[in-house]
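Hi everyone, thanks for having me. Let's have the structure up on the screen, and then I'll walk you through a few places in it.

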Amino acid sequence: MAVFQYNPNIDFNTVKISKSDIENLLPHWNTKINEVYQYKTKDCFEMNINVAAKTETEVEQWLDEYQEKSKCSYSIRSKDGCSGTKVNLKLRMKCQHNTGNKNVYDPTVRKRTRNRTRNSNCPSIITITLRNVPKRYRGKDKTKAPDPDRPCEIKIIPYHNHSTSSADILRFRQVSKETKEKLVNLFESGYSPFNALESIKMDIQLKYDNYHEILADRSLCPDYMYCYHLYIKIFKEKYRPLGASQEFLNQKIEEFNQDNNMKSAGIKFVDNDYVICLCPPFMQRIHETVEESSDMVFMDSVGTADNDGSRIFVLLTNSECGGLPLAVFMTTSECCHLISIGFQLLKEIMGNRVFHGTIDGPNIFMTEDSAAEQAAIQSEWPKSTHLLSIFHVLKSIWKWLIETKNGIKQDHQHIFYEEFRSIIYAKNEEECTAAFQSALTSSKNYPEYQSYLQMYWAQRNIWALCYRNDTRQGQNTNNISEAAMRLLKEKLFDKIKAFNFIQVVDFMMTRFVCYHEKILLDAAHNQIPGNVLNSLISQPPSSDVIASMQHLGDNIHLVPTDKDPDLFYIVNSEVLICTCTHGRRSQMPGHMCKHIDWICCFVKSDKFIKPIDNERSRRQYLFIATGDQPSLNWPELLLCGKIENIETIDESSMDELEEANQEQFILRGHETLNGMNEIFSQYLQQSPMEASQALDVFYDHLKNIKTVSGFATACHNFSSGTIQRNNSRECRQDQNTAIGRRLSYYGKESGNVILLIENNDRKLEFPQKKCK
């Protein structure tokens with residue numbers, strides 16, 4: 001049966017459309033064209049057709065195909081309620097550019113006024129009637145009986161008073177169902193709205209040759225606001241609005257436990273607050289197999305992960321490939337009582353397996369400067385030693401010093417910071433006390449800072465190194481926890497806030513676990529994991545910025561802005577804080593400004609992960625990541641067995657071959673020398689004085705060469721032409737990358753080159769420049 005059938009009574013001579021135009025306009029369904037009517041007062045026509053669509057789903061499918069072919073979107077004008085006796089569906093639709101607005105779309109004034117309407121009073125309409133086909137038609141006029149093969153009657157006015165292919169019109173199209181499904185799948189895979197949109201744009205660019213035209217079509221490439229609102233809508237449906245009920249939270253936790261076939265999460269409600277402890281099988285295997293978890297545990301938190309303002313606490317232990325998570329607490333606030341409940345839930349989940357079988361807790365807990373965390377640890381693990389991380393102590397001191405409200409002059413900030421560092425790193429108690437008294441004396445004009453210093457001095461036994469014994473195993477700071485907090489912000493939440501508390505739970509159970517599993521698998525496969533605090537700046541600093549950087553002291557640097565060379569920011573590379581607006585936010589994990597990253601490009605950092613080449617560790621990490629023990633021959637090297645069927649060459653034959661080649665080279669060299677002698681003789685006869693002077697210079701250079709490789713280099717350079725070198729430092733232009741490779745500290749400037757000063761005991765004096 002033909003796809004298109006035409007009523008023989010249609011006279012195409014009276015209408016301004018041909019059969020080929022109709023077939024190009026309509027979808028290729030089983031269609032009968034009953035009537036084509038040309039309007040006299042308007043330059044448009046109307047078609048009455050029957051389509052082989054028998055259900056509402058098929059009608060929607062036909063409508064989607066028609067909108068795709070016509071590049072126009074239609075909105076529902078009215079939908080009648082049908083009993084189904086004679087008509088199953090009655091639908092009236094209009095072009096989306098007919099909104100009934102009194103304003104009319106005008107592209108020339110859209111950007112200068114608030115008239116952003118898409119209304120053009122477009123006359124295009126569609127009327128769809130899906131008739132019910134009875135087994136026997138009882139009407140008198142058989143011509144009005146519904147077509148059993150094509151029961152869907154459609155009236156179309158396909159004329160539009162606007163362009164259907166311009167970019168300014170295509171941006172108003174409705175997003176197609178296929179594109180919406182792609183977005184939903186990307187969101188469920190962990191993509192943020194921005195990353196999902198970028199992924200769709202990349203797919204379009206790889207799939208279509210005319211991708212520059214496809215990107216203008218909103219049905220295939222939606223705008224960001226649509227992606228964002230769809231993202232919010234999906235998580236509202238999945239996780240419910242803010243303030244979910246206790247029953248819903250309990251249901252989610254129970255689903256997590258059932259998915260893992262074991263108890264891996266617990267929840268407890270305290271009045272209007274609640275605490276959730278997550279310890280999935282991946283983390284439980286770390287408790288059981290990693291012995292370091294019984295010696296030292298790091299604890300850190302982040303509080304800007306969701307719209308509820310909840311807190312996330314992460315327990316980690318040290319390993320060769322960075323911090324390994326032991327548990328995650330999520331609370332509605334940073335309260336000592338709630339953190340203690342989190343520890344109690346962890347004990348219920350792990351039992352005697354907690355911290356590698358150490359039921360009294362690890363030897364050392366290292367935390368940030370948080371009174372709530374300290375009190376909770378003392379309450380639940382009284383036998384454990386509590387220490388403060390030097391990283392967070394120095395970070396807190398530096399942040400206090402650069403705060404404008406505290407009134408510390410900029411010239412004194414790095415001096416006070418260095419004095420506090422001397423207190424921390426004092427070798428004995430006497431030296432520590434002397435450094436403290438010296439710091440108090442030098443800050444006599446700042447009574448607020450003296451009070452702040454005395455507050456820290458009262459608890460010096462948990463942060464000063466001279467009060468620590470060897471049980472810390474060389475660990476004085478918890479950079480691995482700082483890296484984990486930055487991971488939460490950048491890798492898991494894509495620097496955006498999750499929708500609500502339940503979504504945070506879901507992210508921590510899926511993305512957080514998957515990311516650490518990937519790190520362990522990289523280590524188990526003998527691959528080099530990436531730097532946990534790698535630079536995020538896509539464009540390195542310019543040569544002028546590099547030349548203007550100054551080193552003020554240990555870990556204190558002056559970094560200029562890329563816009564104003566006279567404006568400098570103070571960067572502390574030890575605690576990763578900058579005095580710029582964005583750098584001040586680095587007190588919250590996950591925030592890094594470009595000035596900090598620029599400094600990290602040149603200053604050596606201890607925040608790198610080393611490759612794992614220990615067979616026992618690789619087996620252990622593979623088991624933690626997968627839960628399965630590796631086979632016996634899995635970690636074998638490439639050539640670990642007996643090598644057979646490899647042909648060897650006789651050494652005596654190699655010696656004979658080498659001697660023959662040497663004789664040939666000697667003969668060829670003598671021939672070359674004879675030829676050079678003839679050429680020199682010709683030049684000497686043509687101009688005796690000039691040639692003789694040139695030969696004397698050539699001979700002097702030749703005598704200064706001491707090695708064969710030097711002689712070969714000189715000959716090659718002579719063959720490519722005379723090369724004049726200027727060793728003057730003022731004339732040499734160094735590559736930016738070369739400067740970065742050899743620079744370890746900033747010192748004296750020379751033109752566009754920063755000189756390397758390894759051991760500089762002199763006091764550096766810098767010109768007075770505008771600093772911020």
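Let's start at Tyr456. Is Tyr456 buried or exposed? Its relative accessibility is 0%, and buried means under 20%, so Tyr456 counts as buried. Before I go on, please keep in mind that this is a predicted model.

Now look at Phe420. Phe420 counts as buried too, because its relative accessibility is 1%. Phe420 and Trp463 form an aromatic pair of the stacked kind, with 5.2 Å from centre to centre and 25° between the planes. Where do these two sit in the chain? Phe420 belongs to helix α14, while Trp463 is in the loop between α16 and α17, so the pair ties together parts that are 43 residues apart in sequence. Both Phe420 and Trp463 are buried.

Let's step back to the aromatic pairs in general. How many aromatic pairs are there? The count comes to 23 aromatic pairs. Phe420 and Tyr456 form one that is edge-to-face, at 5.9 Å centre to centre and with 75° between the planes. Since Phe420 lies in helix α14 and Tyr456 in helix α16, this pair ties together parts that are 36 residues apart in sequence. And here is the wider picture: Trp400, Phe416, Phe420, Tyr446, Tyr449, Tyr452, Tyr456 and Trp463 form one aromatic cluster.

On to helix α15. This helix runs over residues 429-442, which makes 14 residues, and at 1.5 Å a residue it should span 20 Å; the C-alpha atoms at its ends are 20 Å apart, which agrees. Which residues of α15 are buried? They are Cys432, Ala435, Phe436, Ala439 and Leu440. If you look down the axis of α15, its buried residues fall within an arc of 140°, so they line one face of the helix. Glu430 and Thr441, on the other side of α15, are exposed. And what covers the buried residues of α15? The cover includes α14 and α16, and those are the helices that hold Phe420 and Tyr456. One more detail at the N-terminal end of α15: Asn428 caps it, with a side-chain oxygen 3.3 Å from the backbone nitrogen of Glu430.

You can tell a similar story about helix α2, residues 56-70. This helix has 15 residues, and from first C-alpha to last it reaches 21 Å, close to the 21 Å expected at 1.5 Å a residue. The buried residues in α2 are Val59, Trp62, Leu63, Tyr66, Gln67 and Ser70. Around the axis they cover an arc of only 135°, which puts them on the same side of α2. What do the buried residues of α2 pack against? The list is α1, β3, β4, β5, β6 and β7. After α2 comes Lys71, which has a positive phi, near 60°.

Strand β7 gives us a nice link to Ile157, because that is where Ile157 lies, in residues 152-157. With 11% relative accessibility, Ile157 counts as buried. Leaving aside residues up to four places away in sequence, Ile157 touches Tyr39, Cys44, Phe45, Glu46, Pro123, Ser124 and Ile125. Ile157 and Met47 are 110 residues apart in sequence, yet 6.6 Å apart in space, C-alpha to C-alpha.

Now for strand β9, residues 273-278. Five of its six residues are buried, so β9 is largely enclosed by the rest of the structure. Which way do β8 and β9 run? They run antiparallel, joined by six bridges. Ile267, for example, has Ile276 in β9 as its bridge partner. The hairpin of β8 and β9 has two residues between the strands, and there Asp271 takes a positive phi near 55°. Strand β9 also pairs with β12, again in the antiparallel sense, over four bridges. In that strand, Val328 stands opposite Leu278.

Let me finish with the whole protein. There are 25 helices and 20 strands. Of the 772 residues, 43% are buried. If you take contacts between residues at least 6 apart in sequence, 62% of them join residues at least 24 apart. The pair of Phe420 and Trp463, tying together parts 43 residues apart, is a good one to find on the screen yourselves.

Terms used
Residues are numbered from 1 along each chain as its sequence is written. This is a predicted model: local features need pLDDT of at least 70, side-chain atom pairs count only at pLDDT 80 or more; totals for chains, interfaces and linings use all residues. Side-chain values use heavy atoms; hydrogens and water are left out. The expected span of a helix is 1.5 Å times one less than its number of residues. Buried means under 20% relative accessible area, exposed over 50%, partly exposed in between (1.4 Å probe, protein chains only). The arc is that of the directions from the helix axis to the C-beta atoms. Contact means heavy atoms within 4.5 Å. A polar contact is a pair of N or O atoms within 3.5 Å; within protein, one must be able to donate a hydrogen and the other to accept it, and residues adjacent in sequence count only if both atoms are side-chain atoms. Two strands pair if DSSP finds at least two bridges between them. Rings of Phe, Tyr and Trp (its six-membered ring) pair if their centres lie within 6.5 Å; planes under 30 degrees apart count as stacked, over 60 as edge-to-face and the rest as tilted.
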